[in-house]
Amino acid sequence: MVASRYSETTGVRDIAYVSAGIYDICIAPGLLDRVAEIVLERAPAHRYAVISDSTVSPLYAGRVAGRLDAGGRPALVSTFPAGEEHKTRQTWADLTDQLLEARFGRDSTIIALGGGVVLDVAGFVAATYMRGIPVVHVPTTLLAMIDASIGGKTGVDTLKGKNLVGAFHQPAAVIVDPDVLATLPVEELRSGMAEALKHGAIGDAAYFDFTSKAAGAIITAGPEARDVAALYYVIEKSIRLKVGVVAMDERELGARKALNFGHTIGHAIEALSGYTIRHGEAVGIGMLLEATASERAGVTEPGTAARISDALKSAGLPTRRPSGPSASSIIEAMRSDKKNRAGVTEFSVPARIGTMAAQDSGYTTLLPDSLLTEVLG
C-alpha cells in the first residue's frame with residue numbers, strides 16, 4: 001500500500017527520528033532491544049526504574065531491565081495492575097513509595113513501558129518525584145505510540161473523571177518499536193486506529209482517507225497478514241501530525257485543543273461504562289456524535305459525520321453509544337471534564353475533514369444542551 005521507509009540492506013533497520021523540540025521520538029522495528037543504549041545516551045542517570053503493568057511487564061520488562069543491567073545500570077522493575085481502573089492516586093502513591101524505599105534520588109530516570117495508562121501514571125510519578133526527574137516513554141500499544149507518549153501530558157483519574165489530577169512533563173525521549181504490536185490484541189489495534197482517524201479529521205484530509213482505506217489491511221486477526229508498511233506509515237504520520245500540533249501550543253491554550261475532538265463526549269462515555277469501553281472506541285463514538293451535533297448547529301460541513309461513520313466502520317469500531325447511560329447522565333459527566341470553562345463545556349470540532357472550526361476563536365465551539373440531548377438520543 002505504501003513503500004516501507006526502513007532500510008533492510010544492513011540487517012539493522014534505519015531509525016526514523018521525529019524531533020519534538022527538546023526530545024526526539026525514535027521509530028524503528030527492533031528498538032525494544034536498543035532501549036538501554038538509547039536511554040543511556042538520551043537520559044543518563046545513576047539509577048533507572050522500569051514502570052510497567054501486569055500485562056506488559058511479563059512480556060518486555062525483563063528484556064529492557066536486563067540490557068540496562070548489562071550496561072552497568074541495574075534497573076528496578078515496578079509493576080502495577082493493568083487497567084484504567086488502576087490509573088489512580090493510590091497507584092501513583094504506591095509507585096512513589098517504592099522509589100523512596102529503594103532510595104532513588106534526583107539523579108534517577110524512569111522508563112515508562114506500556115500502554116497509555118502506564119505512560120500517564122509513570123509520567124506523573126516522574127513529574128512529581130523529587131519535584132521532577134526524567135522519563136523515557138516506551139509505548140507498547142498503537143494508541144500509546146501515536147498519542148499518550150507525545151506531548152508531556154501525565155496524570156491519573158478520579159471518581160469525577162479522567163486525567164483530572166496531573167502535570168505537564170515532557171519526556172527525555174520516546175522509543176517506538178512497531179514489532180511489539182505483534183502481541184497486541186486486534187481490539188487494541190482498532191482502538192489506536194480511532195486516534196489515527198482523529199488526526200486526519202482535524203488536520204489532514206488525505207491522511208484521513210488513507211487511514212480509512214488501509215484500516216482493514218492493518219487490523220487483521222493475525223500479525224503475519226497485516227500490511228506492515230501501511231501500519232508503519234500510520235504510526236509515523238500520526239506522530240508527526242501530533243508533534244506539529246503540540247509544537248504550536250504545548251499547554252493547550254489554543255491549537256492543541258483540536259486534539260480534544262471526540263474526547264469530550266468520549267471521556268464521559270468511557271467513564272460511565274466503568275472503563276469497559278476502550279478509550280479509542282469511546283473517542284470514535286465521541287467524534288461521530290460531536291460532528292453530528294456540530295453539523296446540526298451549522299458549524300461543521302454537512303456530510304462530515306457520515307464520512308467519520310464510514311471510517312469507523314472500516315476499522316471495525318462502534319458507531320453507536322452504549323444504551324446504558326442516559327443522555328442527561330452523559331451531559332452531567334461532561335461537566336466534570338477539564339475542558340469546562342466558567343461552567344460551560346467547550347467542544348473542538350472540525351469545520352470539515354482535515355480543517356478545524358473556530359481557529360480564530362480558540363479552537364472551541366459551544367453546543368447547547370438541547371442539541372446534545374437530541375444527538376445523544
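**Exercise 1.** Which strands does α8 lie across, and at about what angle does α8 run to β1?

*Solution.* Start with the ground rules. This is a predicted model: local features need pLDDT of at least 70, side-chain atom pairs count only at pLDDT 80 or more, and totals for chains, interfaces and linings use all residues. Residues are numbered from 1 along each chain as its sequence is written, and side-chain values use heavy atoms, without hydrogens and water.

Step 1. Fix the elements: helices (H or I, at least four residues) and strands (E, at least two) are DSSP runs, numbered from the N terminus.
Step 2. Look for contact, meaning heavy atoms within 4.5 Å. α8 lies across β1, β2 and β9.
Step 3. Take the angle between N-to-C directions, from 0 to 180 degrees, using axes fitted to C-alpha atoms, for helices over the stretch in contact. α8 runs at about 15° to β1.

**Exercise 2.** Trace the sheet from edge to edge, then place α4 on it.

*Solution.* Step 1. Two strands pair if DSSP finds at least two bridges between them. The order is β1-β2-β9-β6-β5-β3-β4. The sheet is open, has seven strands and shows mixed pairing.
Step 2. Find the edges. β1 (16–19) and β4 (75–80) each pair on one side only.
Step 3. Check one pair. β2 (residues 24–27) and β9 (residues 173–176) run parallel and share four bridges. Within this pair, Cys26 stands opposite Ile175 in β9.
Step 4. Add the helix. α4 packs on the sheet and touches β3 (47–53), β4, β5 (108–114) and β6. Its direction makes about 165° with that of β5.

**Exercise 3.** Describe the largest nonpolar core.

*Solution.* Step 1. Define the set: buried Ala, Val, Leu, Ile, Met, Phe, Trp, Tyr and Cys residues, joined through side-chain atoms within 4.5 Å. Buried means under 20% relative accessible area, exposed over 50%, partly exposed in between (1.4 Å probe, protein chains only).
Step 2. Find the hubs. Of 102 residues, Ile25, Leu113, Ile235, Ile239 and Ile308 touch the most other members.
Step 3. Find the main contributor. Helix α8 (residues 228–248) gives the largest share, nine residues.
Step 4. Look beyond. Another core lies apart, with 22 residues, including Leu99 and Val156.

**Exercise 4.** Is Met130 buried or partly exposed, and what does Met130 touch?

*Solution.* Step 1. Locate Met130: the loop between α4 (116–128) and β6 (135–139).
Step 2. Met130 has a relative accessible area of 34%, so Met130 is partly exposed.
Step 3. Not counting residues up to four places away in sequence, Met130 touches Leu100, Phe104, Gly105 and Arg106.
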